[in-house]
Amino acid sequence: MPKQLRILYAIGPENIVEAYKYWKQNKDAPSQVSLPYSSQFYEVCRSLNAKGYAIAQSEEKQIIKDPQFIIERRTVPLKNVSGILYHLREVWCGLILLLDAIRFNANVAIISSGTTHWFMLWLFSRFGIDVIPSLHCVLWHKYLPTSLANKMQLALSRNVFAFESKGILAVSHDIAQQVTQLTDGKHPKILQFFPTFRPSYFADIALPSTRSPFKILFAGRIEENKGVFDLLEIAKCLKSEGKKDIIFDICGEGSVLEALKEEITQAELENSFICHGYCTKAKMREMFSNAHVVIVPTRKDFVEGFNRVVGESILCGRPVITSAVCPALSYVKQAVMEVPPNDVQAYKDALLALYNDSQLYEEKRLACLQLQQQFYDQSKSWGSNLKSILIAIDKQK
């Protein structure tokens, strides 16, 4: 008789405890618009009668246990280090995860982006643990030279993707193509998944009743490489040109939020460039309802994976302005105003095109409606693709 699946799942900063508590009640966690990956993990374990150990990065420590699951939130050591210390920390985190897997008697390990260096998964295989990389970010920057350190990591990781993995989960074409390039096409099956959403959340989100003021929504981490200061530059230009009815709503928290607020005050843009901070799921629904356009100005130096806000915008029927730094673009191009990466002027021009040309705006809005179903399709979810890999592994045992 095959052994029972015992699965270790390492994920980045997701509130897996909250997700678990709501999942137990057959509800979705209220803090996320898309279905949490951890909730999908719990559901897959339940359907396969597998034991699960989920570990997530967090600002605080927390652990809960029941007969089927261990769910643990743990802090990241040396959080803000760089250089050699960063790489040593990643190796250390990988070793700790390996020890966790051994103690748990895991026979499968699902390791997500940002939890350790990929080459560390080789060690899991040496201990007889099947590995499934879950890639949520590109392996290297699309538009910047690859650093020597990253080249070394990729060289060390090649065999993990080529020979050690039982299957690979990837959130975009861009990531899948990079794996293929890295391994010269010699790799196990790559299963691409989408962030998955509930139709009920997006029901009855109507357009604003008027085009003035024209509202631009940014939602995400408030970081320089997310392009928030580029948006502020656009707002300054619009002010100097006398355009007073274009409003930027900035939703999210991050390390440069206070610096951004200071610059807003200095530019006297408090009434047209508004920082809302962290927004609950209900608040984000309100912000989408009030928005005309969603802008995703991620810069070249950010390793994007998909960017769920792009999908959310399409489901809300809101045209998006973004660049190919966001791999999500390739799935929704008809509804997007595509601009070159890091080109502030191009972002401004795209914004004004939608602002001035109501026919163009309507074309992009209607295109959103034709692209929505892919984000509701459960067969394209992370959980569905993970389950297919686990079933194949279980049959081999």
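Which residues in α1 meet which residues in α2? The close-ups below start there, and the model behind them is a predicted one.

**View 1. Helices α1 and α2 pack against each other at an angle of about 50°.** On the α1 side, the residues in play are Ile16, Ala19, Tyr20 and Trp23, and they meet Ser38, Ser39, Tyr42, Glu43 and Arg46 in α2. Two packed helices are described by the angle between their axes and the distance between the axes. Here the axes sit 8 Å apart. Angles of 65 to 115 degrees would count as roughly perpendicular and those under 35 as roughly parallel, so α1 and α2 come out as oblique to each other. As for handedness, α1 passes α2 in a right-handed crossing.

**View 2. Zooming in on that contact, we get the ring pair Tyr20 and Tyr42.** The ring centres are 5.3 Å apart and the planes are at 80°. Planes over 60 degrees apart count as edge-to-face, so that is the label this pair gets. Tyr20 belongs to α1 (residues 16–24) and Tyr42 to α2 (residues 37–48), so the pair ties together parts that are 22 residues apart in sequence. Are these two tyrosines buried or exposed? Both fall under the 20% cut-off for buried: Tyr20 has 7% relative accessibility, and Tyr42 has 0%.

**View 3. Pull back a little and Tyr20 and Tyr42 turn out to be members of one aromatic cluster.** Joining them in the cluster are Tyr9, Trp23, Tyr37, Phe41, Phe69, Phe193 and Trp382. Across the whole structure there are 24 aromatic pairs.

**View 4. Two arginines place their charged ends over aromatic rings.** Arg6 has its charged end over the ring of Phe104, 4.4 Å from the ring centre. Arg211 does likewise with Tyr361, at 5.1 Å from the centre of that ring.

**View 5. Ser134 is a buried residue in strand β6.** The strand covers residues 130–135, and Ser134 has a relative accessible area of 0%. What does Ser134 touch, leaving aside residues up to four places away in sequence? Its contacts are Ile110, Ile111, Ser112, Ser113, Trp118, Leu169 and Trp382. That last residue, Trp382, also appears in the aromatic cluster of View 3.

**View 6. Helix α11 (residues 308–315) is mostly covered.** Of its 8 residues, 7 are buried, namely Val309, Val310, Gly311, Glu312, Ser313, Ile314 and Leu315. Which elements do these buried residues pack against? The list takes in helices α7 (199–202), α10 (281–290) and α13 (358–370), along with strands β9 (214–219), β12 (293–296) and β13 (320–322). Leading into the helix, the loop between β12 and α11 holds Asn307, whose phi is near 75°, a positive value in a residue other than glycine. Asn307 is buried as well, since its relative accessible area is 11%.

**View 7. Two more loops are worth a look for their backbone geometry.** The loop between β4 (69–74) and α3 (83–104) contains Leu78, another non-glycine residue with a positive phi, near 50°. With 52% relative accessibility, Leu78 counts as exposed. In the loop between α7 and β9 you'll find Pro213, where the peptide bond coming from Ser212 is cis, with omega near 0°.

How values were computed. Residues are numbered from 1 along each chain as its sequence is written. This is a predicted model: local features need pLDDT of at least 70, side-chain atom pairs count only at pLDDT 80 or more; totals for chains, interfaces and linings use all residues. Side-chain values use heavy atoms; hydrogens and water are left out. Rings of Phe, Tyr and Trp (its six-membered ring) pair if their centres lie within 6.5 Å; planes under 30 degrees apart count as stacked, over 60 as edge-to-face and the rest as tilted. Helices (H or I, at least four residues) and strands (E, at least two) are DSSP runs, numbered from the N terminus. Buried means under 20% relative accessible area, exposed over 50%, partly exposed in between (1.4 Å probe, protein chains only). A charge sits over a ring if NZ of Lys or CZ of Arg is within 6 Å of the ring centre and within 35 degrees of the ring normal. Axes are lines fitted to C-alpha atoms, for helices over the stretch in contact, and angles run from 0 to 180 degrees between N-to-C directions. Angles under 35 degrees count as roughly parallel, over 145 as roughly antiparallel, 65 to 115 as roughly perpendicular and the rest as oblique. A crossing is left-handed if the near helix is turned anticlockwise from the far one by less than a right angle, and right-handed if clockwise. Contact means heavy atoms within 4.5 Å.
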